[in-house]
Amino acid sequence: MSFVVENAIKNGKTVLGIELGSTRIKAVLIGEDNVPIASGSHNWENSFVNNIWTYSVEDIWRGVQDSYQKMVNDVKKQYGVILQTVSAIGFSGMMHGYMTFDKDGELLVPFRTWRNNITEQASKALTELFSYHIPQRWSIAHLYQAILNQEEHIAEISFQTTLAGYIHWKLTGQKVLGVGEASGVFPIDLNTKNYNHRMIDQFNELIAPHNMPWKLENILPKVLVAGENAGVLTEEGAKLLDITGELRAGIPLCPPEGDAGTGMVATNSVAKRTGNVSAGTSVFAMVVLEKELSKVYSEIDLVTTPTGNLVAMAHSNNCSSDLNAWVALFDEFSKVMGMEVDRNKLFGTLYNLALQGDSDCGGLLAYGYLSGEHITHFEEGRPLFVRSLDSNFNLANFMRVHLFTSLGALKMGMDILLKQEGVKLDEILGHGGLFKTKGVGQSIMAAALNVPVSVMETAGEGGAWGIALLASYMINKAEKEPLEEYLSQKVFTEKTGITMSPELKDVEGFEQFMKRYTKGLTIERAAINAS
């Protein structure tokens, strides 16, 4: 097997994917069978500078180069080969945010990430104008807010893009975005798989009094769908990516995508009636829709798959952070008592204990709001644990209520889709830290959504693998072969996983908990007002 992989590397038959996440940049090299054969990663953190969450250009390139070099070193260590070429490359990154450049290609203001909730005025105005939900983190909201703020740089804008689009542009010279990434920049017309031109005209008319020297359609990147060629690695780009100079130019690149799209690909959730849920520090679920929703919901974001199909996203800022803090407290207690407990065993024991609790958590209530929560309309949060005199207060119910509440806000968003809109969902693929303890997070999620939940062994490979698969699809697909068919028949055929269907008593218990959760939001509000 090693000999086959070694030959593939030497003959340039491998594919490279690099994703820039919020805390880690990861490079994954896959072989001819689409299985990862080498990887490298670089840890980084955003900075809070002048009230803006940002990453510097220097940090961006240092991270990309370091993750690439570590992957190259992994190749050399495992196979004794110096990587000089691959058959295709793909880049993905955190969606949304704000990167604008002047006519000389210089960044006009520091990169504003998706994390900046500074565009409320613009978000509300554009949602009303378009009759289409425009979240604060979307690129168009950032642009319009800068115009409303009368920022000096806006008249000099020649090009606006995302983090993935910026990397791609610098390596290929092409100003393009994959449609999934573009759908977090500006609304997409599902028929044309391009920006919605009616809304572009509305935006241009809206900003006409500001006398900008540009039109919106002239500063946005071109939209491409999965499978299209998005340019080749230039000589300059090759030197920028590989500072050792070994990497050759001329390698084709697929359209740059966002982390939402690569998550769909990595979990084989791009077909209609499929979905995936990522649960860790935050939690979001994405469902590929068969038709458009009946109306605009502030709780639901609309984006697309990398092929341009409509996706509804329910996103909750808070998931497992408060739960992790309680486990850390039990860890501290065990140390005080002179017991050294393995942290994985501690998590596993406490999580499994939750399955023994009462179906409705014995009347207990908790909120893990470390930060604000837009689904329940909180600008900030206070973690809370609440019980009444007649509640069944024991450790099993205590753990169960903290697992339940980690999905409380998400369930409110998903109920809009599944109950109010009647969206059909055959199953949902789970990935992220909440699913690490086998069977626990999975069964709780199934109870919350009343949908079968599957967890695949490959779910941990992440978005870097997802963008590598999109690059592989571009060069290896058969004529007119859809992405979902390529993934199902050439990537996930032998991938094993476990599916758990919802238990009726757990579904009913979660519904009882949600009545308590919804009613108790007044307690959360009082806690915020009191401090």
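# A guided tour, from the cavities outward

The residues lining the largest cavity divide into six nonpolar, seven polar and two charged. That cavity is our starting point, and please keep in mind along the way that the model on your screen is predicted.

**Stop 1: the largest cavity**

A search of the whole structure turns up two cavities of 30 Å³ or more. The largest cavity holds about 80 Å³ of space. To find it, select Asn-318, Cys-319, Gly-368, Thr-405 and Ser-406, which are the closest to its centre among the 15 residues of its lining. Next, colour three helices: α11 (321-336), α13 (395-405) and α14 (408-420) each supply at least two residues of this lining.

**Stop 2: the second largest cavity**

Now move to the second largest cavity, with a volume of about 50 Å³. Select Gly-178, Val-225, Ala-226, Gly-227, Cys-254, Pro-255, Glu-257, Pro-306 and Leu-470, and you have its lining on display. Sorted by class, this lining has six nonpolar residues, two polar and one charged.

**Stop 3: the second largest pocket**

From cavities we turn to a pocket. The second largest pocket has a volume of about 250 Å³. Its lining can be selected as Gly-280, Thr-281, Ser-320, Asn-324, Asn-344, Phe-347, Gly-348, Tyr-351, Gly-433, Leu-434, Lys-436 and Thr-437. Which helix gives the most to this lining? Helix α12 (residues 343-354) does, with four residues. Colour the lining by class and you should see eight polar residues, three nonpolar and one charged.

**Stop 4: along α12 to Ala-354**

Stay with helix α12 and select Ala-354, which belongs to that helix. Is Ala-354 buried or exposed? Ala-354 has a relative accessibility of 0%, so it counts as buried. Show its surroundings: leaving aside neighbours within four places in sequence, Ala-354 is in contact with Ala-396, Met-399, Arg-400 and Leu-403. You can also draw a distance from Ala-354 to Phe-398; their C-alpha atoms are separated by 7.6 Å, although the two residues are 44 apart along the chain.

**Stop 5: an open sheet**

Switch to a cartoon view and pick out five strands that form an open sheet, in the order β3-β2-β1-β6-β13, with mixed pairing. At the edges stand β3 (36-43) and β13 (257-258); each has a single partner strand, so one side of each is left without a neighbour in the sheet. In general, strands of a sheet pair through backbone hydrogen bonds, either parallel or antiparallel.

Zoom in on β1 (residues 15-20) and β2 (residues 24-30): they run antiparallel, and six bridges join them. For one bridge to look at, select Leu-16, whose partner in β2 is Leu-29. Then add helix α5 (residues 163-172), which lies across β1, β6 (88-93) and β13. The helix runs at about 145° to β6.

**Stop 6: Thr-14, just before β1**

Select Thr-14, in the loop between α1 (2-10) and β1. With a relative accessible area of 0%, Thr-14 is buried. What does Thr-14 touch, leaving aside neighbours within four places in sequence? Its contacts are Ala-8, Ile-9, Leu-29, Ile-30, Gly-31, Ile-37, Leu-83, Thr-85, Val-86, Ser-87 and Ala-88. You have already met Leu-29, as the bridge partner of Leu-16.

**Stop 7: Ser-269, another loop residue**

Go on to the loop between α10 (259-266) and β14 (274-279), where you will find Ser-269. Here the relative accessible area is 1%, and the cut-off for buried is under 20%, so Ser-269 is buried. Not counting residues up to four places away in sequence, Ser-269 touches Met-264, Thr-274, Gly-275, Asn-276, Val-288 and Leu-429. For a distance to draw, try Gly-180: the C-alpha atoms of Ser-269 and Gly-180 are separated by 13 Å, with their positions 89 residues apart along the chain.

**Stop 8: two residues with positive phi**

Finish with a look at the backbone. Select Ser-131, in the loop between α3 (120-130) and α4 (139-148). Its phi is near 55°, a positive value in a residue other than glycine. Ser-131 is exposed, with a relative accessible area of 53%.

Then select Asn-211, in the loop between α7 (197-207) and α8 (216-219). Asn-211 is not a glycine either, yet has a positive phi of about 55°. Its relative accessible area is 65%, and Asn-211 is exposed.

Definitions and conventions: Residues numbered from 1 in each chain as written. Predicted model: local features only at pLDDT ≥ 70, side-chain atom pairs only at ≥ 80, totals over all residues. Heavy atoms only, no water. 1 Å grid on protein atoms, 1.4 Å probe; cavity = no way out; pocket = protein on both sides within 12 Å on 5 of 7 lines; lining within 4 Å. Points joined across faces, edges and corners; volume = space filled by probe spheres on them. Nonpolar A, V, L, I, M, F, W, Y, C, P; charged D, E, K, R; others polar. Pairing = 2+ DSSP bridges. Contact = heavy atoms within 4.5 Å. Axes fitted to C-alpha atoms, helices over the stretch in contact; angles between N-to-C directions. Buried < 20%, exposed > 50% of the residue type's maximum accessible area, 1.4 Å probe, protein only.
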